[in-house]
Amino acid sequence: MRNKNLIVLLAAVCWCIMMTGCHAASKFDGNKTVNDGYFQMGYSILNQSEDATLSLEAGDTLQVEILQSSGTVSVSVGIDGKEPIYTGADLANADFALNIQETGSYRISVTGNNARGSVAFTRNAANSEVTEYSTEDQAATYEAYQFALQQIAFEHIYPDGTDTGFDGALGFIEDNHFALYDINSDDVDELIVQFVTAPMAGNAENIYSNDSETGTLVKLLSVFPALTYYDNGIVKEKWSHGSALAGDDYWPYNLYRYNTQTRQYDQIAEVNMWSKAVDIVDFKGDPYPEDIDAENAGTVFILTRNGITETVCKSDYEAWLSDLIGNADELQIPYQYLSEANIKAICE
């Protein structure tokens, strides 16, 4: 009897240890990135507080993006020992900017309540605006763009030296397009090259800026040439292929946003749809998630953000997309054919 009681006691102790371990592991599961002017977290579970400190200067803005598929987070931003400049509780989805009035080290605290999703805090420096852009600078930039376009059109080589894949089998070189447009609102025109006469894998839309100090072009984004540009800095890229779960009436897409710190476009989401009418099981054999589609919309959306993939109902997807794009207008890009005459006209 004594041995039996001992076994029961040991089993109870082991169970407690296991439960304690599981409870500890359930507090945070995700990734966290902190660097100069940037704090980002993606998590499948957040049930604790995570902090980061960013150095901000008066006149800066701090862009805040909160995306939750479940649960909520509370956020506090401020200098230690002073009243926070922002506190928010039970936040699910938000996208806004904070104006920084005082230079200092700002502690950003994020506390999760069964939260699954991501947060991002990005410093937009007050002194990061483009300085007065002289006529000489503009002329040099246009000359650099003209030279790059001549290489693409006549030598079939991109500015970084890679081959375009053009061989004439899928059209004329003039069937491709380019545009000079200030796509990221930095008061300087970027060069957009839309190349569609290569094999499918080689088709691309590239955005370049000119580095006046080095005299070289910097690639800001390179994606499949099926883009929609918005005036709030968001770029939507349709996939080069459809989705077996979505059917023919829907096309999956990626979303990008210009990062003023890195001067590159960051991918912020990958979006797919699952229509119950198309298939009741996915490629893994998992059934259509009726519990997620509690509103009986017949569709759910599969979002990948910060490396975490999750399935959300239609109304949550629409709310998230509205927070990102809102009332932003589509930009009408002035594309031109990649012809010798149009290239020559750039510097005339």
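The legends below describe an overall view and several close-up views of a predicted model.

**Figure 1. Overall view of the protein chain, with four helices and 18 strands.** The C-alpha atoms occupy a box of roughly 95 × 55 × 40 Å along the principal axes. Of the 348 residues in the chain, 40% are buried. Among contacts between residues at least 6 apart in sequence, 58% join residues at least 24 apart. The accessible surface of the chain amounts to about 18,400 Å², and carbon and sulfur atoms contribute 51% of that surface. The chain carries 18 positive and 52 negative charges; the mean positions of these two sets lie 15 Å apart.

**Figure 2. Close-up of the largest cavity, with a volume of about 40 Å³.** The count of cavities of 30 Å³ or more comes to one. The lining consists of Gln68, Ser69, Asn93, Leu303, Arg305, Val312, Asp316, Tyr317 and Trp320. Strand E4 (61–79), strand E16 (299–305) and helix H3 (314–325) each provide at least two residues of this lining. The greatest contribution is that of helix H3, which supplies three residues.

**Figure 3. Close-up of the second largest pocket, with a volume of about 360 Å³.** The lining comprises 15 residues, and those closest to the centre of the pocket are Leu245, Asn272, Asp282, Phe283 and Ile302. Two or more lining residues come from each of strand E15 (264–275), strand E16 and strand E17 (308–313). Strand E15 gives the most to the lining of this pocket, with three residues. Strand E16 thus appears in this view as well as in the lining of the largest cavity.

**Figure 4. Close-up of Ile108, a residue of strand E7 (residues 104–124).** Ile108 has a relative accessible area of 0% and therefore counts as buried, the limit for this class being under 20%. When neighbours within four places in sequence are left aside, the contacts of Ile108 are Phe39, Glu50, Asp51, Ala52, Leu54, Leu62, Ser76, Val77 and Phe121. Thr53 lies 55 residues from Ile108 along the chain, yet the C-alpha atoms of Thr53 and Ile108 are separated by 6.0 Å.

**Figure 5. Close-up of Arg116, which is also found in strand E7.** Arg116 is partly exposed because its relative accessibility is 23%, a value between the limits of 20% and 50% that bound this class. With neighbours within four places in sequence set aside, Arg116 is in contact with Tyr43, Ser44, Leu67, Gln68, Ser69, Ser70, Ile308, Thr309 and Glu310. Two of these partners, Gln68 and Ser69, belong to the lining of the largest cavity. Gly326 is 210 residues from Arg116 in sequence, and the C-alpha atoms of Gly326 and Arg116 are 23 Å apart in space.

**Figure 6. Close-up of Asn114, a residue of strand E7 with a positive phi.** The phi angle of Asn114 is near 50°, a positive value in a residue other than glycine. At 47% relative accessibility, Asn114 is classed as partly exposed; the value falls below the 50% that an exposed residue must exceed.

**Figure 7. Close-up of Asp187, in the loop between strand E8 (177–181) and strand E9 (190–195).** Although Asp187 is not a glycine, its phi is positive, at about 70°. Asp187 counts as exposed because its relative accessibility is 61%, and the class begins over 50%.

**Figure 8. Close-up of Leu331, in the loop between helix H3 and strand E18 (336–337).** Not counting residues up to four places away in sequence, Leu331 touches Tyr181, Ile183, Tyr229, Tyr230 and Asp231. Thr304 is 27 residues from Leu331 along the chain, and the C-alpha atoms of Thr304 and Leu331 are separated by 25 Å. Helix H3, at one side of this loop, is the helix that gives the most to the lining of the largest cavity.

Technical notes. Residues are numbered from 1 along each chain as its sequence is written. This is a predicted model: local features need pLDDT of at least 70, side-chain atom pairs count only at pLDDT 80 or more; totals for chains, interfaces and linings use all residues. Side-chain values use heavy atoms; hydrogens and water are left out. Buried means under 20% relative accessible area, exposed over 50%, partly exposed in between (1.4 Å probe, protein chains only). Contact means heavy atoms within 4.5 Å. Accessible areas come from the Shrake-Rupley method with a 1.4 Å probe; for residues, only the protein chains shown count as cover. Lys and Arg count as positive and Asp and Glu as negative; His and the chain ends are not counted. The place of a charge is taken as NZ of Lys, CZ of Arg, CG of Asp or CD of Glu. On a 1 Å grid over the protein atoms alone, a cavity is a set of points where a 1.4 Å probe fits but cannot get out, and a pocket is an open set with protein on both sides within 12 Å along at least five of seven lines; lining residues have an atom within 4 Å of a point. Grid points are joined across faces, edges and corners, and a volume is the space filled by probe spheres set on the points.
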